[in-house]
Amino acid sequence: MTSFLDPLISFVSVHAWLAYLTLFLAALLEAVPVVGSVIPGSTIILALSALVPGGDLKLQWVLLAAAVGAVIGDGSAYWIGHRRQREILNTWPLTNYPRVVEESETFFHRFGTWAVFFARFVPPIRAFVPVTAGALGMAPAKFYAVNIPAILVWAPAHVLPGVLAVSAFHQYFGVPHEGHPFKHLWILTVVAVAIVAGITIWIYRRRQNGVVATAKPRA
């Protein structure tokens, strides 16, 4: 696997702008309803953060790319909901995800304005709450007053763990950043955990849907 990652890391170090663009798009698409529940944006950001300590990527640009992508993604979803109001929640493709839409509405009604903040850290609701906030008539000033601080916390929370873990390893063992396999290990671990978590959530939702279907009375 490291034989696959080595050329990838070398490519990123030469074409860093593509990595920043990838981070930007990952954060943006993660905020898009439906798409955001499929795109592993957080996984991409966590994995690529391992390339910061070695100088392949710059911390400030990684944070900026992730934050700007999230602001644009959340803002776009919010304005779509704001302009179309509740109608958007009853149109395709949201109609294919009635359970998540219902959970997003419940989440919003439970936490009110703070739902926009908390949802940033709760997939897959993260991809549905901004459009729900707009559809339910949340004022733009209130949305951005909570959304932007949430993103300013969310971006470092996804970038710094990888940076600190890889940096601590190199400092503790006294090995150079270049060519050391720990960043490979970090990337592989993040991807593996994301896959396991995704499968677990998928199985859980399948079982929940099965329970709901069984509980429905027959006509």
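So, a salt bridge here is a side-chain nitrogen of Lys or Arg within 4 Å of a carboxyl oxygen of Asp or Glu. By that rule we get two salt bridges, and I'll build the talk around them.

Some housekeeping before that. This is a predicted model, so local features need pLDDT of at least 70 and side-chain atom pairs count only at pLDDT 80 or more, while totals for chains, interfaces and linings use all residues. Residues are numbered from 1 along each chain as its sequence is written, and side-chain values use heavy atoms, with hydrogens and water left out.

Okay, the overall fold. The protein has nine helices and zero strands; helices (H or I, at least four residues) and strands (E, at least two) are DSSP runs, numbered from the N terminus. Reading along the sequence, you get α-α-α-α-α-α-α-α-α. There are 219 residues, and 41% of them count as buried. Buried means under 20% relative accessible area, exposed means over 50%, and partly exposed is in between (1.4 Å probe, protein chains only).

Now the salt bridges. One joins the side chains of Asp-74 and Arg-120, at 3.0 Å, N to O. Asp-74 is in helix H4 (residues 59-84) and Arg-120 is in the loop between H6 and H7, so this pair ties together parts 46 residues apart in sequence. Are those two buried or exposed? Both Asp-74 and Arg-120 are buried.

The other joins Glu-30 and Arg-126, again at 3.0 Å, N to O. Glu-30 sits in helix H2 and Arg-126 in the loop between H6 and H7, so here the parts being tied together are 96 residues apart in sequence. Glu-30 is buried, with a relative accessible area of 3%, and Arg-126 is buried too, at 6%.

Keep Asp-74, Arg-120 and Arg-126 in mind, since they come back in the cavity lining. The structure holds one cavity of 30 Å³ or more, and the volume of the largest cavity is about 30 Å³. By cavity I mean, on a 1 Å grid over the protein atoms alone, a set of points where a 1.4 Å probe fits but cannot get out; lining residues have an atom within 4 Å of a point. Grid points are joined across faces, edges and corners, and the volume is the space filled by probe spheres set on the points.

What lines the largest cavity? Asp-74, Val-116, Ala-119, Arg-120, Arg-126, Val-129, Pro-130 and Asn-147. Helix H6 (114-119) and helix H7 (129-135) each supply at least two of the lining residues. The lining splits into four nonpolar, one polar and three charged, where Ala, Val, Leu, Ile, Met, Phe, Trp, Tyr, Cys and Pro count as nonpolar, Asp, Glu, Lys and Arg as charged, and the others, Gly among them, as polar.

Over to the surface. Trp-17, Leu-21, Leu-25, Leu-29 and Val-35 make a nonpolar patch of about 430 Å². Leu-29 belongs to helix H2 (residues 16-30), and at 32% relative accessibility it counts as partly exposed. A general reminder: an α-helix has 3.6 residues a turn, so residues three or four places apart point the same way.

Next, helix H3 (residues 41-48). Six of its eight residues are buried, so H3 is largely enclosed by the rest of the structure. The buried ones are Gly-41, Ser-42, Thr-43, Ile-45, Ala-47 and Leu-48. Thr-43 counts as buried at 17% relative accessibility. Its C-alpha is 6.5 Å from that of Val-191, and the two residues are 148 apart along the chain.

Last one: Ile-80, in helix H4. Ile-80 is partly exposed, with a relative accessible area of 45%. From Ile-80 to Ala-135 is 8.0 Å, C-alpha to C-alpha, with their positions 55 residues apart in sequence.

Definitions and conventions: 1 Å grid on protein atoms, 1.4 Å probe; cavity = no way out; pocket = protein on both sides within 12 Å on 5 of 7 lines; lining within 4 Å. Patch = residues over 30% accessible without salt bridge, like charges linked within 9 Å, V, L, I, M, F, W, Y side chains within 5 Å. Areas by Shrake-Rupley, 256 points an atom, 1.4 Å probe, with all protein chains shown as cover.
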